[in-house]
Amino acid sequence: MRGVTKRAHLAVRVRSFLAAAGLAVACASAAPALAQNDKMSPIAAPAQPDAIELGTGALPGATASESWHSQYGSKFARNVTVATLTPFLPDPAKATGTAVIVAPGGGFTTLSMENEGWDVARALAAKGVAAFVLKYRLNQTPPDLAGYEQAMRARFSGAGGPPRGAPGDMMAGIAAPLADARAAFALIRRRAAEWRVNPNRIGMVGFSAGAGLTMATTLNGQDANPAFIGIIYGSLAPVTVPPNAPPLFVALAADDPLFGNAGYGLIDSWRAAKRPVEFHLFEQGGHGFGMYPKTTTSTGWFDEFVRWMAMHDLLKPAA
């Protein structure tokens, strides 16, 4: 009977995540409220000499190759078919032993590698935290930018918003990213001594769709077991919270066009389970603010996240 109950709870958690993932796909077309540089322009793939292949294989059935473009003064990757993890290690003299996997967003069709990846990782490393940017495999899109833009316009043109799809199809759509996240945790634990990381202090922070992946990893990632998590402008749909759920940090702008008016069920779920949760609802900031310098108070999310980590003793050198 206990096994049946456990499976029932897992099914509830999966359905809750699928609702979040269905909303998160919208993030690929959401602008970070910047008026300039909104045009997509193709660029050469930047050098990534420190990127480590995660060994989860090539994306099954992929026909389009990885490509990059610039937008909003930042760099984005599309059609990622091979997952990688890029370490940003702190000065050994400042290393705390804490690590964070950084999951950029982009609706599972693109990745905001700079604003929601590398810039976040560099800032964490400066605080003594070993940061690892996860470039996870993505759903395939047209190889050319014009085709991609046309496909996104068609996808979001209906009055009902982005298509949700059947639950089985949606779970299949994140199976590859979820496997990549699990592999990232396993790799860091294998090389923990080399990277001066305490294997019990590995957390994850995600943005938009990356926040959805972070929650999926927490609820359905099996052996991943993040020690703490950050959900940055992701879905706040309610979930069934496991009894050992990690401390949760959430940041969202009230004027976020995707999640700002969808309720705070996730916060209520964590509180009802009596698990630690901190929630910052900024008046303004829109969606996708990340590390962009803006005049809104949402820019302060990173400092609040660091203070929260310090409150949980995650910035004290590990024994």
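In what order do the four strands of the open sheet lie, and is their pairing parallel or antiparallel? In this predicted model, the strands of the open sheet follow the order β1-β3-β4-β7, and their pairing is antiparallel. The edges are formed by β1 (41–43) and β7 (110–111), each of which pairs on one side only. Between strand β4, which spans residues 74–78, and β7 the antiparallel pairing extends over two bridges, and Ala77 is found opposite Leu111 of β7.

A parallel arrangement is seen around strand β9 (residues 202–207), where six of the six residues are buried, so that the strand is largely enclosed by the rest of the structure. Ile202, Met204 and Gly206 point to one side of β9, while Gly203, Val205 and Phe207 point to the other, and all are buried. β9 pairs with β6 in the parallel sense over five bridges, with Met204 of β9 serving as the bridge partner of Ile101. Parallel pairing also joins β9 to strand β10 (residues 229–232), in this case over four bridges, and here Val205 stands opposite Gly230 of β10. The chain passes from β9 through α5 to β10 in a β-α-β crossover that is right-handed.

The connecting helix, α5, comprises 12 residues (209–220) and spans 16 Å from its first C-alpha to its last, close to the 16 Å expected at 1.5 Å a residue. Because 12 of the 12 residues of α5 are buried, the helix is largely enclosed by the rest of the structure; among these buried residues are Leu213, Met215 and Leu219, together with polar residues including Thr214 and Asn220. Gln222, which follows α5, has a positive phi, near 55 degrees.

In soluble globular proteins, nonpolar side chains tend to be buried together. The largest nonpolar core of the model contains 80 residues, and those with the most contacts inside this core are Leu124, Leu134 and Trp301. Helix α4 (residues 167–190) gives the most to the core, contributing eight residues. With neighbours within four places in sequence left aside, the contacts of Trp301 include Val120, Ile232, Phe249, Phe282 and Phe289, as well as Phe207, the last of which is a buried residue of β9.

Burial also extends to a loop position, since Thr96, with a relative accessible area of 3%, is buried. This residue lies in the loop between β5 (84–88) and β6 (99–103). Beyond its neighbours within four places in sequence, Thr96 is in contact with Lys127, Gly128 and Val129, with Arg201, and with Leu314, Leu315, Lys316, Pro317 and Ala318.

Definitions and conventions. Residues are numbered from 1 along each chain as its sequence is written. This is a predicted model: local features need pLDDT of at least 70, side-chain atom pairs count only at pLDDT 80 or more; totals for chains, interfaces and linings use all residues. Side-chain values use heavy atoms; hydrogens and water are left out. Two strands pair if DSSP finds at least two bridges between them. The expected span of a helix is 1.5 Å times one less than its number of residues. Buried means under 20% relative accessible area, exposed over 50%, partly exposed in between (1.4 Å probe, protein chains only). Contact means heavy atoms within 4.5 Å. A nonpolar core is a set of buried Ala, Val, Leu, Ile, Met, Phe, Trp, Tyr and Cys residues joined through side-chain atoms within 4.5 Å. A crossover is right-handed if, with the strands pointing away from the viewer, the path from the first strand over the helix to the second runs clockwise.
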